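Hi,

Here is the model I said I would pass on. Have a look at it first, and then read on for what turned up.

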Amino acid sequence: MAIAGSNLIQNNGPGSGGVQQSGRVKTYRQGSTTLSLQEGQTIKGVVSDVHGQKITLDMGDGKSFTGELEDAGMYSIGQKAGFKVESLEDNRIILKAFGDNYLLGMDDTVDEALEAALLPKSDRNIDIVQSLLENGRSISKESIMNAIRLTSKFPDVGVNAVITMDRLGMKMTEESVRQFEQYQNRSHQLLYKMDALTDGISDMLSSIGEKVPRLASQVGTELIRLALDADPSLEETALLHERTLPGESEIPTFFDAAGKPVPSDTLLRLAGEEGAELALTDADGNPVNISEALKKLGEASPEFAARLSEAAQDEKAPSAITDAESMLFASQATDETEAQAEQQTSAFGRMREMFNSITDSAAGAIRNAVTSSGISNDFRTPFIHEQIGYSLSPDERASFSELLREYPVSDELKKAVSEGTATTRELLGELQKQLPGLSDELAGKLISNKSFQHIIKSQFMTNWTLSPDEMKEDGAMQKVYEKMNTQFGALEHFSETTLGKDLFHNMSETARDMNQNLDFMKMMNDTFQYMQLPIKLQNQNAHGDLYVMTRKEALKKNPNKLKAVLHLELEHLGTLDIHITKENTAVTAAFYTDNKSTEGLFRKNMDMLKDAINEQGFAFQGTMNPKEKDVDVVKDFLAAEAPVGDMKRYSFDLRA
């Protein structure tokens with residue numbers, strides 16, 4: 001079959017200045033194309049595939065052929081170029097670049113590819129060819145037809161997501177392809193979907209409270225149970241240790257020889273070191289040994305008692321701990337069940353020492369810099385996320401406290417709610433006890449109250465977010481993801497088990513989508529190192545993405561070198577990207593922002609940040625740069641060569 005004359009560059013004789021053709025002529029059949037080629041002949045076409053040193057040219061009219069080219073990798077699919085037939089020996093077509101090559105416009109390339117494949121120029125076909133080009137895939141007729149068949153399996157998802165996943169070799173299901181498209185479109189952030197889910201919970205509670213109050217007690221009790229099914233945060237635990245709760249003894253303080261108070265965590269750590277000695281005195285100046293101090297702390301705090309009991313179970317536990325646990329056990333007369341004791345242990349057994357003076361001083365220096373920068377403090381709150389004062393404004397607290405007068409809640413708790421100092425856990429725990437005994441009217445009135453719904457939302461958001469300090473705890477991200485998975489699953493099926501599966505469809509669908517988001521992220525991390533960070537900052541929740549960019553080859557050459565990108569979306573500082581390189585103790589950070597105020601703040605305080613991090617034993621260098629583009633989870637990360645390793649190996653101190 002002859003090749004169209006427009007694609008053949010006819011060679012003239014020597015007198016015309018052309019290239020002299022040799023007499024060697026061979027005929028080749030490739031697929032449906034038959035070619036008669038001659039050494040020295042030149043030919044042009046559109047590059048439709050590049051694989052190693054093999055390059056395929058689309059000749060038009062459905063004709064194409066594949067030859068060998070030493071620098072084939074220099075060409076891109078969709079590029080129009082001319083080549084000379086260098087050799088036809090051993091049944092191989094050896095090509096050499098000839099003349100200038102040039103790029104066709106995208107529209108022209110797509111049109112030519114569809115014409116060559118004898119396919120209609122429908123919107124979907126055009127999208128498929130464009131996606132093949134963007135992914136560096138062949139645009140031959142066979143390749144286009146394969147892409148059409150593949151994308152037809154997922155008609156509700158954009159073709160680019162399907163073709164990109166196929167190129168990356170990722171497992172494709174309806175759920176994973178849909179999640180991948182959300183990551184492409186940057187609509188994947190769990191934090192913002194959490195808002196949608198908790199809003200759905202509020203809508204559900206309002207509907208039940210107003211329309212079917214007979215179910216209010218059952219639904220409210222079950223929802224509170226689910227919301228409280230999570231360990232207290234570090235901040236909440238610290239708060240409980242700082243103040244005396246109703247019905248509890250005052251937690252004693254012990255002092256060292258210099259008269260400085262010794263934290264309970266330090267006492268427990270020292271007690272765990274065989275042979276450790278510490279001269280202690282109580283608040284009255286009386287000498288106390290470590291075992292006695294631990295016993296008194298356990299008597300005053302059930303949480304500390306559980307931690308002490310857990311430490312005593314270790315076969316290598318020193319006598320100071322076992323003696324303290326024995327004295328405490330002997331002095332307590334309690335009917336607490338084994339299940340309750342186990343719950344307390346699990347809640348506080350995960351605690352560990354993780355604050356140190358160096359990190360705290362760095363964080364303090366940063367806070368001082370922000371305070372002195374002139375940024376308004378109007379948005380600051382004295383409450384932690386877990387307190388009612390964070391969830392409700394003063395007016396809302398006053399109104400809700402007035403409502404609580406109708407309910408059997410203690411005066412102390414009502415007062416703490418009004419002041420904002422009570423925790424959401426304390427209030428919800430008390431309401432969980434009272435709801436089963438309330439009338440339908442009172443139960444419905446409670447769960448349909450907007451302030452109650454804000455408190456429920458705040459408790460769930462606390463379960464699903466982590467503070468920078470909590471992120472430093474080993475395995476913290478794994479725990480919060482496991483909690484999300486459990487609670488998202490429970491909320492997905494909540495209406496089925498409680499109300500009937502056809503009710504409150506939106507909440508169930510949102511919860512299902514979030515669980516599929518987690519499953520997709522887990523699938524990505526089988527190959528790539530990426531993690532969403534739902535961060536709980538002092539005055540806001542913030543979305544973050546952590547990309548570990550280190551490549552396999554780089555890790556082999558230098559296992560102590562790590563590259564990562566931290567992407568943050570902050571309410572007051574705007575979008576911030578931090579490119580981090582760590583090699584041994586040398587740390588380099590490049591900050592990128594499109595917020596002029598944030599850029600000025602960082603430039604002004606970069607030396608302070610450098611000094612604070614250097615004090616931790618690192619050699620730190622930082623630069624501030626204008627942000628030009630967002631990190632693209634697909635183009636910049638997934639499309640890159642897969643890093644290796646396990647995400648949990650890396651720990652970043654976000655406060656620094």
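To start with a small one: in which loop is Asn584 found? Asn584 sits in the loop between strand E17 (574-583) and strand E18 (586-593). Keep in mind that this is a predicted model. Asn584 is not a glycine, yet its phi is positive, about 55°. Its relative accessibility is 44%, so Asn584 counts as partly exposed. Leu118 is another non-glycine residue with a positive phi, in this case near 60°. You will find Leu118 in the loop between helix H1 (106-116) and helix H2 (123-134), and at 67% relative accessibility it counts as exposed.

Now the overall picture. The chain has 656 residues, 47% of which count as buried, and its secondary structure comes to 27 helices and 19 strands. If you take contacts between residues at least 6 apart in sequence, 63% of them join residues at least 24 apart. The accessible surface is about 32300 Å², with 48% of that belonging to carbon and sulfur atoms.

On to the interior. The largest nonpolar core has 92 residues, and Phe452, Trp464 and Phe591 are among those with the most contacts inside it. Helix H6 (residues 190-211) gives the largest share of this core, 8 residues. Apart from that core lies another one of 18 residues, including Tyr28, Ile43, Ile55 and Ala72. As a general point, nonpolar side chains in soluble globular proteins tend to be buried together. Leaving aside residues up to four places away in sequence, Phe591 touches Phe602, Met606, Leu609 and Phe620, among others.

Helix H20 (residues 450-464) is worth a look too. Of its 15 residues, 12 are buried, so H20 is largely enclosed by the rest of the structure. Phe452 and Trp464 are among those buried residues, but so are polar ones such as Gln453, Ser458 and Asn463. The geometry checks out: 15 residues at 1.5 Å a residue should span 21 Å, and the end C-alpha atoms are 21 Å apart. The N-terminal end of H20 is capped by Asn449, with a side-chain oxygen 2.9 Å from the backbone nitrogen of Ser451.

Ala324, in helix H12 (residues 319-331), has a relative accessible area of 0%, so it counts as buried. Its C-alpha atom is 4.7 Å from that of Ser291, although the two residues are 33 apart along the chain. Beyond its neighbours in sequence up to four places away, Ala324 touches Ser291, Leu294, Lys295, Leu308 and Ser319.

Last, the charged pairs. Searching the whole structure gives 21 salt bridges. One of them joins Asp513 and Lys193, with the closest N and O atoms 2.7 Å apart. Asp513 is in helix H24 (residues 505-524) and Lys193 in helix H6, so this pair ties together parts 320 residues apart in sequence. Both Asp513 and Lys193 are buried. Glu68 and Arg92 also meet in a salt bridge, at 2.8 Å from N to O. Here Glu68 is buried, with a relative accessible area of 17%, while Arg92 counts as partly exposed at 38%. A third pair, Glu402 and Arg405, comes in at 3.6 Å, with Glu402 partly exposed at 45% and Arg405 exposed at 61%. There is also a network, in which salt bridges with shared partners join Glu235, Glu386, Glu470 and Lys536.

Cheers

How values were computed:
Residues numbered from 1 in each chain as written. Predicted model: local features only at pLDDT ≥ 70, side-chain atom pairs only at ≥ 80, totals over all residues. Heavy atoms only, no water. Helix = DSSP H or I, 4+ residues; strand = E, 2+ residues; numbered from the N terminus. Buried < 20%, exposed > 50% of the residue type's maximum accessible area, 1.4 Å probe, protein only. Contact = heavy atoms within 4.5 Å. Areas by Shrake-Rupley, 256 points an atom, 1.4 Å probe, with all protein chains shown as cover. Expected span 1.5 Å × (residues − 1). Polar contact = N/O pair within 3.5 Å; in protein donor to acceptor, adjacent residues only side chain to side chain. Core = buried A, V, L, I, M, F, W, Y, C linked by side-chain atoms within 4.5 Å. Salt bridge = Lys/Arg side-chain N within 4 Å of Asp/Glu carboxyl O.
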